[in-house]
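This report describes how two protein chains meet in a model and how the copies are related.

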Protein chains: 2
Amino acid sequence: MKEVVLGLLGLGNIGGGVWDLVQFFGKDVEKRTGLTLQIKKALVLDKKVHGGKDVPDEVLTTERNDILEDPEIQIVCEFLGGEQPAASMMLRALENGKSVVTANKMALSLHFDELRAMAKKTGAGLYYEASVGGAIPVINALTSPLIANHIEQIMGIVNGTTNYILTRMAAEGADYETILKDAQRLGLAEPNPAADVEGMDAAYKLSIMGSLAFHSRVHVEDIYREGITKVTAEDIAFGREMGYVLKLLAIGKDNGDSIEARVHPAFLPADHPLARVDGSLNAIYLYGHSFKDMMLEGRGAGDAPTASAIVGDIVQAAQNAVHPMPYLRPETVPVADDWQSKYFIRMQAKDAPGVLAEVTGLLAGEGISVSAMMQKHAVPGEKATLIVITHSAPEKAVQRVVKALNSDICQVDNVIRVEG
Amino acid sequence: MKEVVLGLLGLGNIGGGVWDLVQFFGKDVEKRTGLTLQIKKALVLDKKVHGGKDVPDEVLTTERNDILEDPEIQIVCEFLGGEQPAASMMLRALENGKSVVTANKMALSLHFDELRAMAKKTGAGLYYEASVGGAIPVINALTSPLIANHIEQIMGIVNGTTNYILTRMAAEGADYETILKDAQRLGLAEPNPAADVEGMDAAYKLSIMGSLAFHSRVHVEDIYREGITKVTAEDIAFGREMGYVLKLLAIGKDNGDSIEARVHPAFLPADHPLARVDGSLNAIYLYGHSFKDMMLEGRGAGDAPTASAIVGDIVQAAQNAVHPMPYLRPETVPVADDWQSKYFIRMQAKDAPGVLAEVTGLLAGEGISVSAMMQKHAVPGEKATLIVITHSAPEKAVQRVVKALNSDICQVDNVIRVEG
């Protein structure tokens with residue numbers, strides 16, 4: 001048996017989940033791996049409050065150096081969340097030769113280069129399976145079993161809160177604000193939901209997955225990002241009528257000389273494998289030149305699934321004599337600011353002769369052809385709702401058309417990309 | 001750069017796929033991993049026939065010892081298929097300290113213990129991601145990221161041929177024999193399809209997955225096995241009417257003191273994630289105590305997806321200084337010969353007073369309650385088709401009822417388990 005001495009930075013939901021899993025499943029992990037996991041210290045803000053967990057007093061500390069500077073601690077697990085002080089604490093642990101296991105997509109995404117460089121320098125390992133998709137082993141798949149692939153595409157539902165909201169909006173025909181409030185009441189959305197509903201959380205995760213899949217650094221600030229706050233029950237209902245399901249997608253594509261990286265609501269055909277991934281489930285669809293299409297689906301959040309991924313990483317960190325580091329291409333591959341998609345354009349158009357001709361004319365002028373069109377609730381003399389779904393077209397051209405469409409005879413209410 | 005010298009046993013579809021992937025993607029693998037893959041020798045039956053691949057003559061050999069006994073060759077990749085001579089050649093390679101990568105579920109499943117023991121003895125590695133689910137990284141997931149779980153259930157669609165046949169039977173309302181013949185004509189089913197349609201292929205795969213997931217040796221001869229040859233278009237149609245989709249499932253459950261391991265056709269609720277895994281796709285649904293539910297889906301066969309898994313394994317074999325071996329419990333855990341399922345029972349019953357009472361009475365006598373019942377095409381005086389779907393009940397009790405039901409007033413045409 002080999003003893004593995006651990007320090008936990010944080011003992012909230014995830015830290016507590018890891019504490020529990022190590023207590024109740026440690027013996028099994030020992031039998032299976034020969035590793036005895038021992039949590040020596042857990043950093044907390046206040047020793048009196050530690051989530052009601054049955055943690056001995058001598059394990060608790062309010063002093064980070066009890067973990068970061070203890071030479072006996074081999075692996076530091078970070079559950080603080082947020083950028084700082086998490087990032088600098090991870091950096092210090094790596095500097096001291098300790099391997100780091102983290103679930104913190106924000107700190108990891110923003111400080112990926114420094115953390116990797118420090119790990120490389122000291123020979124420590126950096127593990128982050130839990131940072132994307134909870135228990136779903138997507139980080140592991142990208143770094144190891146799928147290594148012999150040019151990965152062309154990633155498309156993920158990686159934020160449980162927004163997927164829960166969109167699933168309920170679709171099921172109940174309810175508006176965003178109504179469901180958000182209820183999700184907040186149920187503890188399924190944060191009091192300040194911005195990180196989720198504005199797509200930041202998904203963007204951090206896409207930054208990590210994209211950097212690994214495309215072997216090129218995808219910085220979070222280069223990711224196009226649009227949240228779900230403008231999505232209406234009406235959009236979802238019209239989309240459904242036309243055969244589509246709305247999801248918040250994190251999309252990455254490797255076009256060779258450029259990379260696409262974008263987080264936005266998107267309609268998927270109802271028979272797309274991601275379309276039925278509902279509620280708090282996460283799923284990542286991948287396409288690689290040799291493995292072809294693949295989908296990994298599971299619990300993207302929650303104490304137990306996240307702890308599952310963390311302990312999986314701890315075992316790998318303890319077993320790997322040499323820590324594998326993902327290869328990134330030395331050249332900078334630009335993240336594209338234009339791309340091809342299909343577009344669902346919902347507008348109110350004056351019920352007057354020539355309006356349809358003007359709309360279709362503007363689209364044709366940009367070389368955009370129409371795949372489907374639907375007009376609704378036309379009361380003579382009033383504005384009618386008009387939905388256009390385009391064939392594949394450049395983002396920028398569509399934005400120009402949308403700008404031109406907004407005039408006294410027409411008002412564009414929403415534009416939603418159609419993928420898959 | 002570290003050179004990795006490989007020997008291939010076989011250069012058919014999979015071997016050729018690996019040859020191609022190493023030729024066309026070897027430079028990328030080198031950049032990403034620091035490993036230069038060099039295929040030194042490939043064993044073929046006849047040097048003149050090597051699948052039209054552009055393989056230099058000096059690489060080809062008809063002499064196994066050119067690979068197994070060459071001290072320069074570090075990793076042996078086995079693509080011969082079948083039990084022998086594949087198993088003894090893998091054993092010899094391991095004995096000589098060479099790591100083995102294989103896609104051969106049959107040889108692996110039947111000789112798992114010997115191969116593992118030899119690998120342990122000499123410190124060589126044994127890798128077999130491609131043996132189950134092609135490119136889907138399920139072996140990797142079970143052996144590493146999901147290690148901190150009591151895995152309670154595996155349910156897989158792991159045979160592409162039968163899934164293709166069942167998908168087409170459902171889509172076209174056609175009978176088994178018709179679609180089988182067409183699949184054979186298209187090269188999607190073997191001229192002798194027994195290994196696929198009788199469930200042997202799925203049983204080998206379940207043996208491997210189950211042994212890893214439950215940390216207990218699941219021998220293929222202990223797996224209950226029933227193929228798809230008795231499934232009719234009628235069964236599929238009636239099932240659909242009642243909300244079910246038919247699949248050939250490989251099911252494993254860990255009940256603590258016993259293990260369930262069975263391969264048989266099964267109805268799944270139409271909204272189950274496995275229900276829409278169609279055609280040649282494979283998918284494995286897993287339930288673990290900490291990761292909860294997960295599904296991994298992708299291409300279970302084909303040259304390129306299989307080669308993707310093989311090269312992934314080669315990289316791991318070359319990178320791992322110490323080769324991880326799955327832990328198996330020392331005690332023998334029996335594979336159950338009875339289990340709980342729900343049952344779809346299709347029978348022809350005489351249209352006479354008291355028949356329904358007799359059927360339901362027999363079920364009640366075994367303590368089996370009825371979840372749904374449907375009677376079809378009752379022409380007065382002729383036999384009517386009667387479908388019963390039970391609530392969860394013991395297999396053996398249902399078999400007793402089926403035996404008792406077969407009488408002069410009733411004939412059971414098919415019994416299909418209902419899972420999910």
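Two strands are said to pair if DSSP finds at least two bridges between them. In this predicted model, strand β12 (residues 292-299) of chain A and β12(B) pair in the antiparallel sense, over 5 bridges. Within this pairing, A:Met295 stands opposite B:Glu297 in β12(B).

The contact between the chains involves 45 residues of chain B and 45 residues of chain A. On the side of chain B that touches chain A, the elements giving two or more residues are α1 (13-33), α6 (138-143), β12 (292-299) and α12 (303-319) of chain B. The largest share of that side comes from α12(B), with 10 residues. The table divides the residues of this side of chain B by class.

| Class of residue, chain B side | Number |
|---|---|
| Nonpolar | 26 residues |
| Polar | 12 residues |
| Charged | 7 residues |

A turn of 180 degrees with a shift of 0.0 Å along the axis lays chain B on chain A with an RMSD of 0.0 Å. The two copies are thus related as by a two-fold rotation axis. Of the residues of chain B, B:Leu296 comes closest to this axis, its C-alpha lying at 2.3 Å. Because 100% of the interface residues of chain B are also interface residues in chain A, the copies meet through the same surface.

The largest nonpolar core holds 290 residues, of which A:Cys77, A:Ile314, B:Cys77 and B:Ile314 touch the most other members. Apart from its neighbours within four places in sequence, A:Ile314 is in contact with A:Val4, A:Leu6, A:Leu37, A:Ile75, A:Cys77 and A:Val101.

Terms used:
Residues numbered from 1 in each chain as written. Chains lettered and ligands numbered in written order. Predicted model: local features only at pLDDT ≥ 70, side-chain atom pairs only at ≥ 80, totals over all residues. Contact = placed C-beta atoms within 7 Å. Helix = DSSP H or I, 4+ residues; strand = E, 2+ residues; numbered from the N terminus. Nonpolar A, V, L, I, M, F, W, Y, C, P; charged D, E, K, R; others polar. Core = buried A, V, L, I, M, F, W, Y, C linked by C-beta atoms within 7 Å. Buried ≥ 20, exposed ≤ 12 C-beta atoms within 10 Å, placed from the backbone. Least-squares fit on C-alpha atoms with pLDDT ≥ 70 in both.
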